[in-house]
Structures are given as C-alpha cells and as structure tokens.
Amino acid sequence: MPVVSNTSPLSNLALIDRLELLREQMGEILIPPGVHGELLRLPVPAALARIRGALADGWVRVVPLAGSVPDHLKSLDPGEAEALALALEIRAT
C-alpha cells in the first residue's frame, strides 16, 4: 500500500525527534518534489538532518508527478496540492 505525505507530518515529527513513528507505522513514504523542497527549508538543523537521514536511508522517497496538478487542487498550498495529485496518480489508499 503506497503512502503519500505532505510536509506537515514529516516536518512536525522531525521537529520533535519522532520521525521514526512514520517509518514504524507506514514503512516507505512517498513525497512529491514540492514537499521535498519544503522539507529542505526546515529552519531547525536537527530536524533537517533527520529528514535528510530518512531520504538517505530510502524510506522517504521523492517521486515526481507523471502529470500536472489538477485544476481543482491548485488553490491549495503547492506541497499539499502535489501530495494529493501524487496520491491520485499512484492510487494510494
């Protein structure tokens, strides 16, 4: 079962040093490039290091969109819109 995440769950858990909860519960997490960019702008060095570690370990993986963000999602934050578009594309449950 593929799991797609937007920025908030990953960044918030990285900030409180509990990112491993997602790995334990979900296994692999897929994120679109927009979420990746938002995560790399985290202002807390320790949280950013945790995100980079998850990416390096491969359990958080950046997956580009095959298409574009549907018009009905474009009013959302770019990371959220891309995450929903990716979830629709890969038919995440």
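**Note on the predicted model: charged pairs, core and surface**

1. Both Lys74 and Asp71 are exposed. Their side chains form a salt bridge, with an N to O distance of 3.3 Å. The structure discussed here is a predicted model, and the count of salt bridges in it comes to 5.

2. A second salt bridge joins the side chains of Arg50 and Asp17, at 2.9 Å from N to O. This pair links distant parts of the chain: Arg50 belongs to helix 4 (residues 45-57), Asp17 to the loop between helix 1 and helix 2 (20-26), and the two are 33 residues apart. Arg50 is partly exposed, its relative accessible area being 26%. Asp17 is also partly exposed, at 44%.

3. Arg23 and Asp57 make another salt bridge through their side chains, with N to O at 4.0 Å. Here too distant parts of the chain are linked, since Arg23 is in helix 2 and Asp57 in helix 4, 34 residues apart. The value of 4.0 Å deserves a remark: the rule asks for a side-chain nitrogen of Lys or Arg within 4 Å of a carboxyl oxygen of Asp or Glu. As for exposure, Arg23 is partly exposed with a relative accessible area of 40%, whereas Asp57 counts as exposed at 54% relative accessibility.

4. Where does Glu82 lie, and is Glu82 buried or exposed? Glu82 is part of helix 5 (residues 78-90). Glu82 is buried, yet has no salt bridge. The nearest side chain of opposite charge is that of Arg41, 9.6 Å away; a salt bridge is therefore ruled out for this pair, because the cut-off is 4 Å between side-chain nitrogen and carboxyl oxygen. With neighbours within four places in sequence left aside, the contacts of Glu82 are Pro32, Pro33, Gly34, Leu65 and Val69. A reader checking the model could look at this residue together with those contacts.

5. The largest nonpolar core holds 19 residues, and the members touching the most other members are Leu10, Leu19, Ile31, Ile51 and Val60. Helix 1, strand 1 (29-31), helix 3 (33-39) and helix 4 are the elements that give two or more residues to this core. Helix 4 gives the most, with 5 residues.

6. Leu19, one of those core residues, can be followed through its contacts. Not counting residues up to four places away in sequence, Leu19 touches Leu10, Leu13, Ala14, Arg50, Ile51, Ala54 and Trp59. Among these contacts is Arg50, whose side chain also meets that of Asp17 in the salt bridge of point 2.

7. On the surface, a nonpolar patch is formed by Leu15, Ile16 and Val44, which together have about 250 Å² of accessible area. Leu15 lies in helix 1 (residues 7-15). Leu15 is partly exposed, with 40% relative accessible area; this value fits membership of the patch, because patch residues need over 30%.

8. One last residue is Arg52, placed in helix 4. Arg52 is partly exposed, with a relative accessible area of 47%. How far apart are Arg52 and Arg91 in sequence and in space? They are separated by 39 residues in sequence and by 26 Å in space, taken from C-alpha to C-alpha.

Conventions:
Residues are numbered from 1 along each chain as its sequence is written. This is a predicted model: local features need pLDDT of at least 70, side-chain atom pairs count only at pLDDT 80 or more; totals for chains, interfaces and linings use all residues. Side-chain values use heavy atoms; hydrogens and water are left out. Patches are made of residues with over 30% relative accessible area and no salt bridge: like charges are joined within 9 Å, nonpolar side chains (Val, Leu, Ile, Met, Phe, Trp, Tyr) within 5 Å. Accessible areas come from the Shrake-Rupley method with a 1.4 Å probe; for residues, only the protein chains shown count as cover. Helices (H or I, at least four residues) and strands (E, at least two) are DSSP runs, numbered from the N terminus. Buried means under 20% relative accessible area, exposed over 50%, partly exposed in between (1.4 Å probe, protein chains only). Lys and Arg count as positive and Asp and Glu as negative; His and the chain ends are not counted. Contact means heavy atoms within 4.5 Å. A nonpolar core is a set of buried Ala, Val, Leu, Ile, Met, Phe, Trp, Tyr and Cys residues joined through side-chain atoms within 4.5 Å.
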